[in-house]
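This report describes a metal site, the packing of one helix, and the contact between two domains.

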Amino acid sequence: MKTLGLGAASLALPGFLKAADRSESKPNIILIMADDLGYSDIGCYGGEIRTLNLDALAAGGMRFTQFYNCAKCSPTRATLLTGQYDQAVGQKNLEHGVTFAEVLRPAGYRTIISGKWHQQPLPTTRGFDRYYGLADGCCNYWNPGIEARPGEPKPGRKIAGPRRWAIEGESIMGYTPEDKNFYTTDAFADYAIARLEEYKNETKPFLLYLPQTAPHYPLHAWPEDISRYRGKYKTGWDILRRQRYKRQIEIGMFDPKYEMSPRDERVPSWDSLSESEKDQADLKMAVYAAMIDRMDQAIGRVFAKVKEIGKWENTLILFLADNGGCPETPDTTPNIPPGPVESYRSVGPEWANASNTPYRKYKSTDYEGGNCTPFIAYWPGVIKPGSKTDQVGHIIDIMPTFMEVAGAEYPGRIENGKLKPLAGKSLLPIFQGKQRKQHDVLYWQFGKAKAVRTGDWKLVKYGDADWELYDLDKDRTELNNLASQHPQKVKKMAGMWEDWWKNCRK
Ligand SMILES: [Ca+2]
């Protein structure tokens, strides 16, 4: 007898699913991850930016309100790929873990990745059949290399040296494509679409991992996309935050019992800016919005291809971000306006604060503005359209979820290393509309940022500051530090974090 590829869970599919609606084959899987995307940037999470394809995915699927990443590019990727905390697998080398591609390929999957990898060993050595993209952390969107194309200025860059690109198993230090219309977001989609076409007649299911570089800096976008937004942000970040918060409540994605966080201390009031400063700030946010708009268009082109080859109905699609909006300002070309190849600009803390509405803080912190992400799950016939869940999930759960839906096995051992057990657990019960047993505890650490969450209690800290304690059930935006009222709880949770920190790297 053939199985649905769901293991025992297939016996408990929701009532609205009719047997005839499902193929008997294992589902295809598409995992899309945005880079440095704020919690409220996309339409279905309260944003004003045009994200029609992601909004349609949400309308046909499920949105999570409490889904977490690791608050930073590279750790998030290590955790996402392996189902273990990145501290346990080795942050860049994944030496104590296996990737979901390594686990799904033996289960019969064609494994493809197009986009930002940001780990040390190339994907083609870690379970992926095919790869195209940025193996590094960030790059110029128009020209990821160092050399100028004929008739063009030199590409704006953050660092002097070259960034690592890769095509299949070959690393390329300083990739300058000849095509003057090259733009990373479009190129990643083009490669994915070409592979879907190439393998369209295969009977095996596919795993397509699409980690974007958008909207991570530098601010680069097509002029026609920028023009859709230019001038629209002259009302400023204070009004934008209020508008997004209001929309989040209207669309049922945020409970009005929680206050919006106040403007971040690093951000001046919009009214204090001169007209010229307002105009420059408007352009930055217009380019940022254009990058997200373009990412959504590219995702839409991939979706159209999946439909064209007749595989849409049997495909699980997930969308999330690797960390919250980014306050960094690596503006190496401060006198060149954002947009074109020669520029290298960022939105800075001002707009990133608005991106993370209604939460506090940013990427690289473990406040909700740093580590809470939009998360959309879409799967025709399994996930109820238009649903929403407040159940807590974490990117560490993605690997076990893939294993369960693909009927894949976690290996008992790996060569040349110690394989640690999975720390995540499958999201499938939540997808099926059931209550999943919560994680007993979740941990975070990156650089100076630390946090631990158990139940609705979250203990969080940055640098040398004291631990802060929040009751997220009553205070989702982390405005009321209860540490002094619950010293025993602080001590206990801090001890849990210390124990985890000591043990996770063994
Ligand atoms: Ca990132």
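The calcium ion has as its protein donors Asp35 (OD), Asp36 (OD), Cys73 (SG), Asp322 (OD), Asp322 (OD) and Asn323 (OD1), at 2.2 to 2.7 Å. Donors are N, O and S atoms within 2.8 Å of the metal (3.2 Å for Na, K and Ca); water is not among the atoms, so sites may look incomplete. Along the sequence, the donor residues follow the spacing D-D-x36-C-x248-D-N. Cysteine 73 belongs to helix α2 (residues 73-82) and aspartate 322 to the loop between β8 (315-321) and α9 (348-355), so the pair ties together parts that are 249 residues apart in sequence. Helices (H or I, at least four residues) and strands (E, at least two) are DSSP runs, numbered from the N terminus. Cysteine 73 and aspartate 322 are both buried, where buried means under 20% relative accessible area (1.4 Å probe, protein chains only).

The model is predicted: local features need pLDDT of at least 70, side-chain atom pairs count only at pLDDT 80 or more, and totals for chains, interfaces and linings use all residues. Residues are numbered from 1 along each chain as its sequence is written, and side-chain values use heavy atoms, with hydrogens and water left out.

In helix α1 (residues 52-60), the buried residues are Leu54, Leu57, Ala58 and Gly60. Their cover includes β2 (62-68), α8 (275-308), β8 and β9 (372-378).

The domain assignment, which is automatic or taken from a database, yields two domains. Their C-alpha centres are 27 Å apart. The residues that each contributes to the contact (heavy atoms within 4.5 Å) are tabulated below.

| Domain | Bounds | Residues in the contact |
|---|---|---|
| Domain 1 | 27-401 | 30 residues |
| Domain 2 | 440-506 | 27 residues |

Between them, domain 1 and domain 2 bury about 2,400 Å², with 55% of it on carbon and sulfur atoms; buried area is the accessible area (1.4 Å probe) that two parts lose on being put together, summed over both. Of the area that domain 1 buries against domain 2, Tyr85, Gln87 and Asp366 supply 29%, more than any other three residues. The two domains are joined by 2 salt bridges, each a side-chain nitrogen of Lys or Arg within 4 Å of a carboxyl oxygen of Asp or Glu.

Tyrosine 258 sits in the loop between α7 (236-250) and α8 and is buried, at a relative accessible area of 12%. Beyond its neighbours within four places in sequence, tyrosine 258 contacts Tyr245, Leu472, Asp473, Lys474, Asp475 and Arg476.

Terms used: Buried means under 20% relative accessible area, exposed over 50%, partly exposed in between (1.4 Å probe, protein chains only).
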